[in-house]
Structures are given as C-alpha cells and as structure tokens.
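Good morning, and thank you for the time. I would like to take you through the empty spaces in one protein model, and then through a few of its buried residues.

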Amino acid sequence: MNYFLWILCILFIWAVFVEPNLLVIKKITVKNEQLDGLKMVFASDFHIKPYDSLRLRRIVNKINSQNPDIVLLGGDYVNGHDSGFTLSPVKIASCLAKLKSKYGTFAVMGNHDGWQGKYPIIKVFRQNGICVLENENRVFDKFTVAGLEDLQTANPDLKKALDGAQGEIILLTHTPDMFPDISKQVALTLAGHTHGGQVVLPKNKALIVPSKFGSRYAYGLINEDGKKMFVSKGLGSSILPLRFNCLPEIVVINFVK
C-alpha cells in the first residue's frame with residue numbers, strides 16, 4: 001500500500017509541478033511545392049496565469065530561437081474566465097511583441113479570450129504589432145494567412161475570412177471543429193483548443209477532449225478528404241492545473257517540395 005501511495009505522490013508532483021513547465025519543439029514537414037523553404041512557428045493555448053511572466057518569456061525566446069519566417073498564434077492567451085486568474089493582456093501583448101520573424105506575427109482569439117472580453121485584448125495586441133485576424137486575411141507573395149473568429153464565443157465566417165485570398169492559404173482557427181466545413185482550397189489549417197487532451201492515459205487515450213467530434217481531432221497532423229490540419233497540444237493548462245503524458249509544445253512547420 002505504501003508503495004502505491006508513493007507512486008501516486010510522484011505522479012502528482014510530475015503532473016502538477018514538472019510537466020506543465022516543460023517545453024518541447026514539435027517539428028513537422030508538410031509537402032507543398034509553392035511553399036517550399038517556408039518555416040512557420042505555431043503556438044496556441046498559452047493560458048498565462050498571474051505568476052507566468054517567466055514562462056511566457058521562455059516561450060517567446062524559444063520561438064525566436066527557431067528563426068521562423070512567420071509566427072502564428074492560435075488563441076487563449078489569457079487564463080480562466082476573469083481577470084483575477086490571468087496575467088494582464090497588456091503584459092502578455094508586450095511580451096509577445098518581442099517575437100521576431102520575416103513576415104510578422106498573426107493571431108486569432110480563443111474562447112477564454114472571448115469570455116474575458118476579446119476587444120481590449122485585440123486592441124493591445126494590435127498596438128504591439130501583432131496582427132489579429134477576425135474573419136479576415138493578409139496576402140503575401142506566395143501565400144495568404146487567414147484567421148477565423150472563435151466558434152464558441154463569436155461567429156466564424158469562412159467565406160469572409162478567405163475573401164481575396166491568393167496563392168496557398170494557411171488558415172488559423174482556435175477550434176479544430178471547424179475542419180469539416182473548410183474547403184480544399186486551404187493548404188493547411190492550424191488549430192489548438194484541445195490541449196491534446198491535456199491528460200493522456202495509456203494507449204493514447206485522452207482524458208477530456210473539448211470537441212463535438214471526440215478524439216477525432218484531438219492532436220496531430222490530420223489528413224481528411226484531401227485536406228490537412230495540424231492540432232497542437234498547446235502550451236498551458238485549463239480546468240485542471242496539470243498535464244500528464246501531454247507535453248506543452250511549440251510547433252515548427254517546414255514546407256518542402
């Protein structure tokens with residue numbers, strides 16, 4: 001019995017105090033001749049708590065160390081349902097403003113951002129040089145970055161988000177539940193929200209996946225009906241202040257021929 005309690009104690013310490021503070025780089029390769037050589041970094045679900053300034057700086061430094069061509073952010077920057085549970089959006093934005101890349105930093109809002117009132121968050125993000133995409137896009141030489149409003153707290157409009165898009169389209173959506181409605185003209189969809197399950201049991205069984213599709217879009221590079229989507233495990237935790245067998249990650253996407 002004592003042996004069993006020791007194991008539980010060790011697992012608790014790991015899940016609450018160790019794993020949530022780790023940070024890994026997940027590298028994936030996507031074949032796309034038009035985007036050959038482009039390097040994107042995708043980060044989502046920050047959930048920055050009041051004492052998380054150091055963790056946020058580590059994330060920014062880690063992203064910059066990848067020398068990305070573009071940085072894409074998938075929402076849920078604040079934590080909880082009100083301002084008492086999060087670092088202020090002003091401080092979060094000022095730290096994220098230090099992200100460096102050739103094309104800049106682009107973001108969508110998540111459900112936690114919506115619950116806390118997304119418009120002040122959007123305002124301080126834009127004041128700090130972060131381009132927030134709300135059913136809109138930005139066109140570059142060979143590609144377009146488009147972003148949707150959050151499905152749970154706002155009104156995502158795919159037609160509006162893709163209006164005027166040119167070249168290969170990269171689409172940001174906080175939740176992967178939008179994927180069945182996304183057209184094949186989108187080269188790659190990037191999503192977060194699920195945290196990869198946050199607590200993953202043996203046989204890759206995610207404890208909770210906040211999706212109407214269950215574990216179908218819980219995590220990873222998904223190929224479905226000729227479309228591609230990558231769902232990140234994210235960086236923070238919500239509801240349960242822990243992670244287990246689901247390391248926080250920054251995603252580096254390298255496009256090749």
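**Pockets, a cavity and buried residues**

The residues that line the second largest pocket divide into 6 nonpolar, 3 polar and 4 charged. Please bear in mind throughout that the model is predicted. The volume of this second largest pocket is about 230 Å³. Its lining comprises 13 residues, and those closest to the centre are V16, P20, N21, K49 and Y51.

Let me turn to the largest pocket, which has a volume of about 300 Å³. It is lined by 18 residues, with H193, I208, P210, S238 and I239 closest to the centre. By class, this lining has 7 nonpolar, 10 polar and 1 charged residues.

Next, the enclosed space. How many cavities of 30 Å³ or more does the structure hold? It holds 1, and the space in the largest cavity is about 30 Å³. The residues that line this cavity are P20, N21, L22, L23, R55, R58, I59, L235 and P248. By class, 6 of them are nonpolar, 1 is polar and 2 are charged. P20 and N21 thus appear in the cavity lining and also among the residues closest to the centre of the second largest pocket.

I now come to R243, in the loop between β13 (227-231) and β14 (249-256). Is this arginine buried or exposed? Its relative accessibility is 1%, so R243 counts as buried. Leaving out residues up to four places away in sequence, R243 touches A15, E19, P20, H195, Q198, K233, G234, L235, G236 and P248. Of these contacts, P20, L235 and P248 also belong to the lining of the largest cavity. A polar atom of the R243 side chain lies 2.8 Å from the backbone oxygen of G236.

A second buried loop residue is T175, placed between β8 (168-172) and β9 (186-191). T175 counts as buried because its relative accessibility is 6%. Here a side-chain polar atom of T175 lies 3.1 Å from the backbone nitrogen of D177. Apart from neighbours within four places in sequence, T175 is in contact with L151, A191 and H193. H193 is also one of the residues closest to the centre of the largest pocket.

The third loop residue is I48, found between β2 (39-43) and α2. Its relative accessible area is 0%, so I48 is buried. In sequence, I48 and V78 are 30 residues apart, yet their C-alpha atoms are 5.4 Å apart in space. With neighbours within four places in sequence set aside, the contacts of I48 are R55, L56, Y77, V78, N79, F85, T86, L87 and I92.

I92 leads us to helix α3 (residues 89-96), whose buried residues are I92, A93, C95 and L96. Why do these four line one face of the helix? Viewed down the axis of α3, the buried residues fall within an arc of 165°, so they line one face. As a general point, an α-helix has 3.6 residues a turn, so residues three or four places apart point the same way. On the other side of α3, V90 and K91 are exposed. The cover over the buried residues of α3 includes α2 (53-64), β3 (70-73) and α5 (118-127).

Note on methods: Residues numbered from 1 in each chain as written. Predicted model: local features only at pLDDT ≥ 70, side-chain atom pairs only at ≥ 80, totals over all residues. Heavy atoms only, no water. 1 Å grid on protein atoms, 1.4 Å probe; cavity = no way out; pocket = protein on both sides within 12 Å on 5 of 7 lines; lining within 4 Å. Points joined across faces, edges and corners; volume = space filled by probe spheres on them. Nonpolar A, V, L, I, M, F, W, Y, C, P; charged D, E, K, R; others polar. Buried < 20%, exposed > 50% of the residue type's maximum accessible area, 1.4 Å probe, protein only. Helix = DSSP H or I, 4+ residues; strand = E, 2+ residues; numbered from the N terminus. Arc of directions from axis to C-beta. Contact = heavy atoms within 4.5 Å. Polar contact = N/O pair within 3.5 Å; in protein donor to acceptor, adjacent residues only side chain to side chain.
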